Amino acid sequence: MQINVFADKKLGIKATISVKEDELNALQQHIKTLLTPYSFNYEVLALKTTEAA
């Protein structure tokens, strides 16, 4: 998981939360529940996972 927090001129404070693609569905609702009380914008992104050959 990667989390980046930055100032956005239009939105104020914004966080991007990147999770492994195969974990996105399991974590998205949990992240939303945890962050709803806070007054900043966030986005959950899927990181492409590649299998080792």
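This passage describes the overall fold of a small set of elements in one protein chain and then turns to its salt bridges.

The model examined here is a predicted one. In the protein chain, the secondary structure amounts to one helix and three strands. Reading from the N terminus, these elements follow the order β-β-α-β. The chain is more spread out than a compact globule, because its radius of gyration is 13 Å, well over the 10 Å that the globule rule gives for 53 residues. The extent of the C-alpha trace along the principal axes is about 45 × 20 × 10 Å.

The surface and the contacts add to this picture. Of the 53 residues in the protein chain, 19% are buried. The accessible surface comes to about 4500 Å², and carbon and sulfur atoms account for 53% of it. Contacts within the chain can also be sorted by how far apart the partners lie in sequence. Among contacts between residues at least 6 apart, 49% join residues at least 24 apart.

Charged side chains come next. The protein chain carries 6 positive and 6 negative side chains, and 11 Å separates the centres of the two sets. Two salt bridges are found in the structure.

One of these salt bridges joins the side chains of Lys-14 and Glu-43, with an N to O distance of 3.4 Å. Lys-14 belongs to strand 2 (residues 12-20) and Glu-43 to strand 3 (residues 41-47), so this pair ties together parts that are 29 residues apart in sequence. The two partners can also be described by their exposure. Lys-14 has a relative accessible area of 16% and is therefore buried, given that buried means under 20%. Glu-43, at 35% relative accessibility, counts as partly exposed.

A salt bridge also forms between Lys-48 and Glu-21, whose closest N and O atoms are 3.4 Å apart. Here, too, distant parts of the chain are linked: Lys-48 sits in the segment after strand 3, whereas Glu-21 sits in the loop between strand 2 and helix 1 (24-35), and the two are 27 residues apart. Lys-48 is exposed because its relative accessible area is 69%, and exposed means over 50%. Glu-21, with a relative accessible area of 36%, is partly exposed.

Note on methods: Residues are numbered from 1 along each chain as its sequence is written. This is a predicted model: local features need pLDDT of at least 70, side-chain atom pairs count only at pLDDT 80 or more; totals for chains, interfaces and linings use all residues. Side-chain values use heavy atoms; hydrogens and water are left out. Helices (H or I, at least four residues) and strands (E, at least two) are DSSP runs, numbered from the N terminus. The radius of gyration is taken over C-alpha atoms; the globule rule is 2.2 Å times the number of residues to the power 0.38. Buried means under 20% relative accessible area, exposed over 50%, partly exposed in between (1.4 Å probe, protein chains only). Contact means heavy atoms within 4.5 Å. Accessible areas come from the Shrake-Rupley method with a 1.4 Å probe; for residues, only the protein chains shown count as cover. Lys and Arg count as positive and Asp and Glu as negative; His and the chain ends are not counted. The place of a charge is taken as NZ of Lys, CZ of Arg, CG of Asp or CD of Glu. A salt bridge is a side-chain nitrogen of Lys or Arg within 4 Å of a carboxyl oxygen of Asp or Glu.
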